[in-house]
Amino acid sequence: MTDRKPPGVSFETWVERQIGQAQERGDFTGLRGTGRPLPAFDPDETVFDWAVAKARREGIAPAEMLPPGLALRRERDDLPARVAGLPSEDAVRAVAEDYNARVEAFWRRPQESRWSPVPGLADVEALVEGWRRDRPPPPPPAAALPDTPPRRRWWKRRRG
């Protein structure tokens with residue numbers, strides 16, 4: 001629709017003429033969804049619900065759409081589950097200190113709004129204690145076999 005509406009022609013007439021010309025050119029043939037009904041309108045669906053559903057259809061996790069402050073808060077809440085599978089206490093400390101460094105960098109940046117959520121630092125020691133508490137106990141050491149003298153071979157038994 002690059003043409004301008006000519007003066008003296010009603011808007012409806014001009015639009016109908018544009019649609020008719022497009023149909024004659026075949027611009028509407030082979031469109032995806034042709035012949036299928038439109039999706040049902042849900043009056044209870046909010047804009048937020050629509051955005052989350054659209055993100056899921058596009059393969060985007062809704063958590064990726066959070067503003068930086070809320071994303072950091074969510075990450076802080078997920079830290080205990082995230083560090084549960086780490087192999088060592090040093091790895092747990094490294095993850096917590098990396099998170100705290102990113103929070104401090106967030107604090108240093110100017111915020112878009114005074115209502116921006118401000119995340120807090122992660123308590124490294126509490127995280128490490130929780131990691132220690134939730135780890136499965138180490139397996140007991142293998143029972144030592146009693147020292148038995150090696151068996152003599154049959155040909156050595158005959159000689160002696």
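Guide: Before we start, one term: two residues are in contact when they have heavy atoms within 4.5 Å, and please keep in mind that the model we are looking at is predicted.

Visitor: Okay, so what is N100 in contact with, if we skip its neighbours within four places in sequence?

Guide: Leaving those neighbours aside, N100 is in contact with L121, A122 and V124, while N100 itself is found in helix α4.

Visitor: And is N100 buried or exposed?

Guide: N100 counts as buried, because its relative accessibility is 11% and the cut-off for buried is anything under 20%.

Visitor: How far is N100 from P150?

Guide: Along the sequence N100 and P150 are 50 residues apart, and in space their C-alpha atoms are 60 Å apart.

Visitor: What about A94, where does that one sit?

Guide: A94 lies in helix α4, and with a relative accessible area of 43% A94 is partly exposed. If you measure from C-alpha to C-alpha, A94 and V124 are 9.2 Å apart in space, although 30 residues separate them in sequence.

Visitor: Let's switch to G120. Where is it found?

Guide: G120 is found in the loop between α4, which covers residues 89–108, and α5, which covers 124–134. G120 is partly exposed, with a relative accessible area of 22%.

Visitor: Which residues is G120 in contact with, again without the neighbours within four places?

Guide: With those neighbours left out, G120 is in contact with R76, Y99, V103 and W107. You can also look at R73, which is 47 residues from G120 in sequence but 7.3 Å from G120 in space, taken C-alpha to C-alpha.

Visitor: New topic: how many aromatic pairs are there in the whole structure?

Guide: A search of the whole structure finds 1 aromatic pair. That pair is F11 with W14, whose ring centres are 6.1 Å apart and whose planes stand at 45 degrees, so the pair is described as tilted.

Visitor: Where do F11 and W14 lie?

Guide: Both F11 and W14 lie in helix α1, which runs over residues 11–25, and they are 3 residues apart, which is about one turn of the helix. W14 counts as buried, since its relative accessibility is 7%.

Visitor: Zooming out, how many helices and strands does the protein have?

Guide: The secondary structure comes to 6 helices and 0 strands, and reading along the sequence gives the pattern α-α-α-α-α-α. The radius of gyration of the protein is 35 Å, well over the 15 Å that the globule rule gives for 160 residues, so the protein is more spread out than a compact globule.

Visitor: What does the C-alpha trace span, then?

Guide: Along the principal axes of the protein, the C-alpha trace spans about 125 × 55 × 30 Å.

Visitor: And how many of the 160 residues count as buried?

Guide: Of those 160 residues, 16% count as buried. The protein exposes about 13,800 Å², and carbon and sulfur atoms supply 57% of that area.

Visitor: Last one: how many positive and negative side chains are there?

Guide: There are 28 positive and 25 negative side chains in the protein, and the centres of these two sets lie 15 Å apart.

How values were computed: Residues are numbered from 1 along each chain as its sequence is written. This is a predicted model: local features need pLDDT of at least 70, side-chain atom pairs count only at pLDDT 80 or more; totals for chains, interfaces and linings use all residues. Side-chain values use heavy atoms; hydrogens and water are left out. Rings of Phe, Tyr and Trp (its six-membered ring) pair if their centres lie within 6.5 Å; planes under 30 degrees apart count as stacked, over 60 as edge-to-face and the rest as tilted. Helices (H or I, at least four residues) and strands (E, at least two) are DSSP runs, numbered from the N terminus. Buried means under 20% relative accessible area, exposed over 50%, partly exposed in between (1.4 Å probe, protein chains only). The radius of gyration is taken over C-alpha atoms; the globule rule is 2.2 Å times the number of residues to the power 0.38. Accessible areas come from the Shrake-Rupley method with a 1.4 Å probe; for residues, only the protein chains shown count as cover. Lys and Arg count as positive and Asp and Glu as negative; His and the chain ends are not counted. The place of a charge is taken as NZ of Lys, CZ of Arg, CG of Asp or CD of Glu.
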